[in-house]
Amino acid sequence: MTYQSITVEQRDAVTLITLNRPQALNALNSKVLEDLIAAFAAYQADDGQLCAVLTGSGDKAFAAGADIKEMSEKQAADFYLDDFFAPWTSEIVKKTRKPWIAAVNGFALGGGCELAMMADFIIASDKAKFGQPEIKLGVAPGMGGSQRLTRAVGKSKAMEMCLTGRMMDAEEAERANLVVRVVPHETLLDEALKTAKTIASMPPMASIANKEMVNAAFESTLDQGLVMERRIFQILAASEDKAEGMSAFVEKREGQWKGR
Ligand code: HXC
């Protein structure tokens with residue numbers, strides 16, 4: 001598969017996807033969406049690929065938002081009739097059952113912040129900046145910002161950011177639990193790939209199950225979530241990897257995973 005607006009590399013069991021429109025600060029246009037849908041589908045379908053990292057090319061931006069030039073030509077009816085922005089969640093978030101990490105290397109604004117928040121977690125460079133500045137364009141978040149940011153950082157901070165359009169730097173983002181950690185800019189990719197490699201070394205089915213369980217916390221009541229957690233645990237207990245993992249512990253050796 002050849003991509004026009006992203007690059008995709010496989011590093012052992014880790015897929016590295018890089019947004020590649022640095023001249024437009026990796027703004028997210030329809031081509032980027034099409035390429036990302038294909039890249040995430042390929043990652044999901046490849047049994048040898050067990051974690052993915054998404055980052056931005058260039059030194060300045062992860063993604064500075066949805067492409068304003070593309071959007072400026074559209075009318076309300078175009079957005080509504082195409083259900084514009086829907087595929088980001090329906091095609092990427094929902095269909096990618098395996099884990100992926102956003103490595104945020106600079107501006108993550110508007111759709112860029114929203115894309116980062118679609119990841120299972122975010123690792124940020126100390127140059128990262130997050131924001132939902134859509135209000136300054138006369139609109140509002142359209143790819144989940146008002147929902148995912150609020151769940152991540154709470155109402156006050158999300159509300160202030162959406163209403164003022166101000167940016168949050170990496171340190172504040174870490175304090176607010178938007179990102180898992182901040183690392184020096186030069187080491188961001190190495191750190192993200194190292195974390196991805198650790199995830200890729202885990203039993204693959206358990207990896208999907210853990211992701212599914214944590215995500216369920218956002219979609220269910222505590223009781224429903226606890227039942228779902230127990231049921232998935234019980235299913236995993238029947239897996240070959242559970243037998244192998246527990247034997248390997250007792251025998252003081254590394255587990256050899258089958259993914260079943
Ligand atoms: C299209 C963009 C872009 C974007 C930057 N560029 N952001 N193009 N869409 N979102 C382009 C610029 O036009 C410029 O192209 C080049 O990238 C470099 O940007 P500069 O502005 O010259 O860089 P700088 O002065 O360093 O400022 C960086 C910046 C600023 C603060 C990030 O670019 C900025 O404010 N960008 C817009 C951020 C934003 O509003 N994002 C939310 C978008 S709306 P040229 O060709 O001039 O060199 C959204 C969801 C909307 O995401 C939902 C609505 C329904």
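1. Start at one rung of the ladder: Glu9 has Leu16, in S2, as its bridge partner. The model is predicted, and this pair belongs to an antiparallel pairing of strand S1 (residues 6–11) with S2, made of six bridges. Two residues separate the strands of this hairpin. One feature of the turn to check is Asp12, with a positive phi of about 50 degrees.

2. S2 also pairs with strand S3 (residues 51–56), here in the parallel sense and over six bridges. For Thr18, the bridge partner in S3 is Thr55. Helix H1 (residues 30–45) joins the picture: S2, H1 and S3 form a β-α-β unit, and it is right-handed.

3. How many of the six residues of S2 are buried? Five are, so strand S2 (residues 14–19) is largely enclosed by the rest of the structure.

4. The loop between S2 and H1 holds Ala24. Is Ala24 buried or exposed? Ala24 has 20 other C-beta atoms within 10 Å. The cut-off for a buried residue is 20 or more, so Ala24 counts as buried. Ala24 and Gly131 lie 107 residues apart along the chain, and 17 Å separates their C-alpha atoms.

5. Next, the core. The largest nonpolar core has 64 residues. Val53, Ala108 and Ala116 are the residues with the most contacts inside it. Leaving aside residues up to four places away in sequence, Val53 touches Val14 and Leu16, and also Trp100, Ile101, Ala103, Ala192, Leu193 and Ala196. In soluble globular proteins, nonpolar side chains tend to be buried together.

6. A second sheet deserves its own point. Four strands make up an open sheet, ordered S4-S6-S8-S9, with mixed pairing. Its edges are strand S4 (61–63) and strand S9 (168–169), each of which pairs on one side only. Inside this order, S6 runs parallel to strand S8 (residues 129–131), and three bridges join them. One of the partnerships here links Phe107 to Lys129 in S8.

7. Last, the ligand. Which residues are closest to the ligand? They are Ala27, Gly65, Gly110, Gly111 and Gly142, in a shell of 18 residues. Helix H2 (68–72) and strand S6 (107–109) are the elements that give two or more residues to that shell. By class, the shell divides into eleven nonpolar residues, four polar and three charged.

Methods
Residues are numbered from 1 along each chain as its sequence is written. This is a predicted model: local features need pLDDT of at least 70, side-chain atom pairs count only at pLDDT 80 or more; totals for chains, interfaces and linings use all residues. A residue is buried if 20 or more other C-beta atoms lie within 10 Å of its own, exposed if 12 or fewer, and partly exposed in between; C-beta atoms are placed from the backbone. Two strands pair if DSSP finds at least two bridges between them. A crossover is right-handed if, with the strands pointing away from the viewer, the path from the first strand over the helix to the second runs clockwise. A nonpolar core is a set of buried Ala, Val, Leu, Ile, Met, Phe, Trp, Tyr and Cys residues joined through C-beta atoms within 7 Å. Two residues are in contact if their C-beta atoms, placed from the backbone, lie within 7 Å. A residue is near a molecule or strand if its C-beta atom, placed from the backbone, lies within 6 Å of it. Ala, Val, Leu, Ile, Met, Phe, Trp, Tyr, Cys and Pro count as nonpolar, Asp, Glu, Lys and Arg as charged, and the others, Gly among them, as polar.
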